Amino acid sequence: MASLPRPARRRRNRLPFAGVAMLLLALFNGMDAMAALLDSPVVTGTDRYVFGDLHGLGWALLVLAVAQGLAGITLLTGDLPSRWFPVVVLCANVFVQFVFLPSFPAWSLTIIAVDLAALYVVLRAPGDPPDERNRS
């Protein structure tokens with residue numbers, strides 16, 4: 001008995017998930033930045049870093065939040081050639097969250113997990129769809 005050929009498996013485009021995750025990360029980093037910059041009692045201000053104090057980290061998080069918002073918008077628009085900007089922003093956020101780890105360990109590890117999930121989706125997304133005009 002001959003077996004039937006299997007149909008080609010089509011990979012789903014999960015870039016909208018990564019775009020929404022990037023926008024949520026931008027929101028969370030923006031809230032963390034405001035808490036650090038406004039001397040919120042939620043943030044422990046006793047941690048000292050090589051590059052400065054919690055205010056310096058707050059400014060870094062605010063800049064990163066804006067970059068993540070832009071990267072999330074580029075992913076949601078479906079601009080596949082510009083996928084490297086979100087990759088760079090996600091990797092930068094992982095490193096910044098490692099610096100933020102002494103202040104909020106559980107929160108930073110959660111953000112790192114979302115970063116890595118979005119990074120996986122962006123890197124594993126299918127390439128450009130084939131051009132319909134060039135099909136023979």
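In this predicted model, Ala21 touches Val114 and Ala118, leaving aside residues up to four places away in sequence. Ala21 is found in helix α1. Its relative accessibility is 6%, so Ala21 counts as buried, the limit for that class being under 20%. A further link between distant parts of the chain involves Ala117. The C-alpha atoms of Ala21 and Ala117 are separated by 8.8 Å. Along the chain, these two residues are 96 positions apart.

The overall architecture is helical. The protein chain has four helices and zero strands. Read from the N terminus, the order of elements is α-α-α-α. The chain holds 136 residues, and 38% of them count as buried. Contacts were also grouped by separation in sequence. Among contacts with a separation of 6 or more, 73% are between residues 24 or more positions apart. The accessible surface of the chain comes to about 9000 Å². Carbon and sulfur atoms account for 67% of that surface.

Helix α1 spans residues 15–37. Besides Ala21, it contains Asn29. Asn29 has a relative accessibility of 0% and therefore counts as buried. The side chain of Asn29 makes a polar contact with the side chain of Asn93, at 3.0 Å. Asn93 also appears in the list of residues that Asn29 touches. The others in that list are Leu61, Leu64, Ala65, Gln68 and Gln97, with residues up to four places away in sequence not counted.

An aromatic contact also involves helix α1. A search of the whole structure finds one aromatic pair. Its members are Phe28 and Trp107. The ring centres lie 5.2 Å apart, and the planes meet at 70°. The pair is edge-to-face, because planes over 60 degrees apart fall in that class. Phe28 lies in helix α1, whereas Trp107 lies in helix α4, residues 105–124. The pair therefore ties together parts that are 79 residues apart in sequence. Phe28 is partly exposed, with a relative accessible area of 26%. Trp107 is partly exposed as well, at 30%.

Helix α4 also holds Ser108. Ser108 is buried, with a relative accessible area of 0%. Ser108 touches Gln97, Phe100 and Leu101, again leaving aside residues up to four places away in sequence. Gln97 is also touched by Asn29 of helix α1.

The surface was examined next. A nonpolar patch covers about 600 Å². It is made by Val20, Leu23, Leu24, Leu27, Met31, Ile73 and Leu76. Two elements give two or more residues to this patch: α1 and α2, the latter spanning residues 54–76. Helix α1 gives the largest share, with five residues. One patch member, Val20, is found in helix α1. Val20 is partly exposed, with a relative accessible area of 44%. This value is over the 30% that patch membership requires.

Helix α1 thus includes residues with contrasting accessibility. Ala21 and Asn29 are buried. Val20 and Phe28 are partly exposed. Each of these four residues takes part in a feature described above: Val20 in the nonpolar patch, Ala21 in contacts with Val114 and Ala118, Phe28 in the aromatic pair with Trp107, and Asn29 in the polar contact with Asn93.

How values were computed
Residues numbered from 1 in each chain as written. Predicted model: local features only at pLDDT ≥ 70, side-chain atom pairs only at ≥ 80, totals over all residues. Heavy atoms only, no water. Patch = residues over 30% accessible without salt bridge, like charges linked within 9 Å, V, L, I, M, F, W, Y side chains within 5 Å. Areas by Shrake-Rupley, 256 points an atom, 1.4 Å probe, with all protein chains shown as cover. Salt bridge = Lys/Arg side-chain N within 4 Å of Asp/Glu carboxyl O. Buried < 20%, exposed > 50% of the residue type's maximum accessible area, 1.4 Å probe, protein only. Polar contact = N/O pair within 3.5 Å; in protein donor to acceptor, adjacent residues only side chain to side chain. Contact = heavy atoms within 4.5 Å. Phe/Tyr/Trp six-rings, centres within 6.5 Å; stacked < 30°, edge-to-face > 60°.
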